[in-house]
Amino acid sequence: MKPALPVTLRERKVVIGLIWFWSFTLYSFLGFLLETAYSRAVGGREDRKTLWVLPLCPVYGLGACAILLLPESVRRQLPLLFVFGGLIATTVEYGMAVIYERGLGVSFWDYTGMPGNVQGRVCLPFSMAWGVLAVVLVRWLHPAVVPWLAGLPVPLSWLALTTVLTDLVLSSVLLKKTGDRERLKWYG
């Protein structure tokens, strides 16, 4: 059975807002999986958690949502999407690094020694990777998942939103208080 379509403008706005929330959450989770796979492939740090409970990397969710906000004229042209998607994701990555370092007293990545790095927060090879991921996101992934996200029950969405926000707040407080990423390993 198909979910009932929202009738009022307010209901449509709620559904659109929840799609954005689910997009953030889904791409944060996929980013966590990507980080974990990359780490295992190159022999890096095994634990890629940035939240206390949930397996999410919010920088990926924010970066993906920012890319999805690019104008249609940019999203339609692959070279522009690659360049501006990479720039947008790199800007988000730099901003999140500053927030983590200055606001919470932790650092989750350091690109010092990588080509084209800026203060170890971003680097050229990863900016290019974000450009490729922007194309995959806009051209294939997001169009495939939006109908599924739109069909998620509203009560489940509110519960998930509360859970994610609670974990974001608790993780931020814990990191700010301790300045130690290891404190996110409640399972250790």
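**Figure 1. Four helices help to line the largest pocket of this predicted model.** Helix H1 (9-42), helix H2 (58-68), helix H4 (78-104) and helix H5 (124-150) each bring at least two residues to the lining. The volume of this pocket is about 850 Å³. There are 33 lining residues, and those closest to the pocket centre are Leu34, Glu35, Tyr60, Trp130 and Leu133. Sorted by class, the lining holds 23 nonpolar, five polar and five charged residues.

**Figure 2. A nonpolar patch of about 830 Å² lies on the surface.** Look here for Phe82, Val83, Phe84, Leu87, Leu124, Met128, Val132, Val136 and Trp140, which together make the patch. H4 and H5 each supply at least two of its residues, and H5 gives the most, with five. One member to pick out is Val132, which lies in helix H5. Val132 has a relative accessible area of 47%, so this residue counts as partly exposed.

**Figure 3. Gln119 has a positive phi in the loop between H4 and H5.** Most residues other than glycine have a negative phi. Gln119 is not a glycine, yet its phi is about 55°. Is this loop residue buried or exposed? With a relative accessibility of 57%, Gln119 counts as exposed.

**Figure 4. A salt bridge joins Arg121 and Glu101.** Side chains of opposite charge can pair when their charged atoms come close. In this view, the side chains of Arg121 and Glu101 meet at 2.6 Å, N to O. Arg121 sits in the loop between H4 and H5 while Glu101 belongs to helix H4, so their pairing ties together parts that are 20 residues apart in sequence. Arg121 is buried at 9% relative accessibility, whereas Glu101 is partly exposed at 26%.

**Figure 5. Glu72 and Arg75 form a salt bridge within helix H3.** The distance between their side chains is 3.1 Å, N to O. How far apart do the two partners sit in helix H3 (residues 72-75)? They are three residues apart, which means a separation of about one helical turn. Glu72 is partly exposed at 41% relative accessibility, and Arg75 is also partly exposed, with a relative accessible area of 23%.

**Figure 6. Asp180 and Arg183 pair in another of the five salt bridges of the structure.** Their side chains meet at 3.8 Å, N to O. Asp180 is partly exposed, with a relative accessible area of 27%, and Arg183 is partly exposed at 48%. Elsewhere, salt bridges with shared partners link Glu72, Arg75 and Arg76 into one network.

How values were computed. Residues numbered from 1 in each chain as written. Predicted model: local features only at pLDDT ≥ 70, side-chain atom pairs only at ≥ 80, totals over all residues. Heavy atoms only, no water. 1 Å grid on protein atoms, 1.4 Å probe; cavity = no way out; pocket = protein on both sides within 12 Å on 5 of 7 lines; lining within 4 Å. Points joined across faces, edges and corners; volume = space filled by probe spheres on them. Nonpolar A, V, L, I, M, F, W, Y, C, P; charged D, E, K, R; others polar. Patch = residues over 30% accessible without salt bridge, like charges linked within 9 Å, V, L, I, M, F, W, Y side chains within 5 Å. Areas by Shrake-Rupley, 256 points an atom, 1.4 Å probe, with all protein chains shown as cover. Salt bridge = Lys/Arg side-chain N within 4 Å of Asp/Glu carboxyl O. Buried < 20%, exposed > 50% of the residue type's maximum accessible area, 1.4 Å probe, protein only.
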